Amino acid sequence: GGNFLCFQNNTRNRGMSIDIMQDSVHTWNPDITGSFFFSANCMHIEDSLVHIGGRFSTVGDSSVSNLAAVDKTFGVSTGQSIPIDDKVWDVTVKGDSLLFVGEFLAVDGTFRRFGAGVHKTTWNLNNWRPRLKDDGLLLENVNGELQIGGRFEMTNNYPRKNGYALNLVTK
């Protein structure tokens, strides 16, 4: 992912797969577009899907809102979408949840300041919210502990300068 349009004379609107051993571009192309400073900021592979976060409004022929799921083989959008009002910086999967952080304030019209989660199959908003006080930029699931980095000073009303970890079972 990124903000590129072409690689080695192959059109690849902000998403591509390359064979690093052969230095060749695969046909995988999710064709990510939007209307204003759009980009693909992150990708997370889970089973047969690639979850993509960023600032964009379409993936292939599907209208989406800053978060998308595409087929890992061909890059075709699943069409799943949930309204997110601004940029997604990182995404990960834990169990049945697709968790993401970014510069957004609302997801599906619900206040979720900078961190939220949806069910990974239905894309219904779930209860996970880290209550960040500013942008979440990095998100990693490490052995059941979620590590979050960003531009925040507090989370869940506790001082946390630019990073913290939490147990996914209890938070």
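In β15, V118 is the bridge partner of L98. This pairing belongs to a set of five bridges that join β12 to strand β15 (residues 115-119), and the two strands run antiparallel. The model discussed here is a predicted one, and its strand β12 makes a welcoming place to start.

Strand β12 also pairs with strand β11 (residues 88-94): six bridges join β11 to β12, again in the antiparallel sense. Within this pairing, D90 of the partner strand has V101 in β12 as its bridge partner. The hairpin of β11 and β12 has two residues between the strands, and G95 takes a positive phi near 60° there.

How many of the six residues of strand β12 (residues 97-102) are buried? Six of the six are, so the strand is largely enclosed by the rest of the structure. In a regular strand the side chains alternate between the two faces of the sheet. For β12, both faces turn out to be covered. One side carries S97, L99 and V101, the other carries L98, F100 and G102, and all of these residues are buried.

F100 deserves a second look, since this residue also takes part in an aromatic pair with F104. A pair of aromatic rings is described by the distance of the centres and the angle of the planes. For F100 and F104 these values are 5.5 Å centre to centre and 50° between the planes, which makes the pair tilted. The count of aromatic pairs comes to one. F100 counts as buried because its relative accessibility is 0%, under the 20% cut-off. F104 is likewise buried, with a relative accessible area of 0%.

Turning to strand β6 (residues 39-46), this is the place of C42. Is C42 buried or exposed? With a relative accessible area of 7%, C42 is buried. Leaving aside residues up to four places away in sequence, C42 touches H51, I52 and G53 as well as W89, D90 and V91. D90 has already appeared above as the bridge partner of V101. C42 and V88 are 46 residues apart in sequence, while their C-alpha atoms are 8.1 Å apart in space.

Another part of the model holds an open sheet of three strands, in the order β5-β8-β9, with antiparallel pairing. Its edge strands are β5 (32-33) and β9 (62-63), each of which pairs on one side only. Strands of a sheet pair through backbone hydrogen bonds, either parallel or antiparallel. Here, strand β8 (residues 58-59) pairs with β9 over two bridges in the antiparallel sense, and V59 stands opposite S62 in β9.

These two residues lead on to S77, which lies in the loop between β10 (67-71) and β11. Not counting residues up to four places away in sequence, S77 touches V59 and S62, together with A69 and V70. Which side chain does the side chain of S77 join in a polar contact of 3.3 Å? The partner is S62. The side chain of S77 also reaches the backbone nitrogen of G79, at 2.9 Å. Although S77 sits in a loop, this serine counts as buried, because its relative accessibility of 16% is under the 20% cut-off.

Conventions. Residues numbered from 1 in each chain as written. Predicted model: local features only at pLDDT ≥ 70, side-chain atom pairs only at ≥ 80, totals over all residues. Heavy atoms only, no water. Pairing = 2+ DSSP bridges. Helix = DSSP H or I, 4+ residues; strand = E, 2+ residues; numbered from the N terminus. Phe/Tyr/Trp six-rings, centres within 6.5 Å; stacked < 30°, edge-to-face > 60°. Buried < 20%, exposed > 50% of the residue type's maximum accessible area, 1.4 Å probe, protein only. Contact = heavy atoms within 4.5 Å. Polar contact = N/O pair within 3.5 Å; in protein donor to acceptor, adjacent residues only side chain to side chain.
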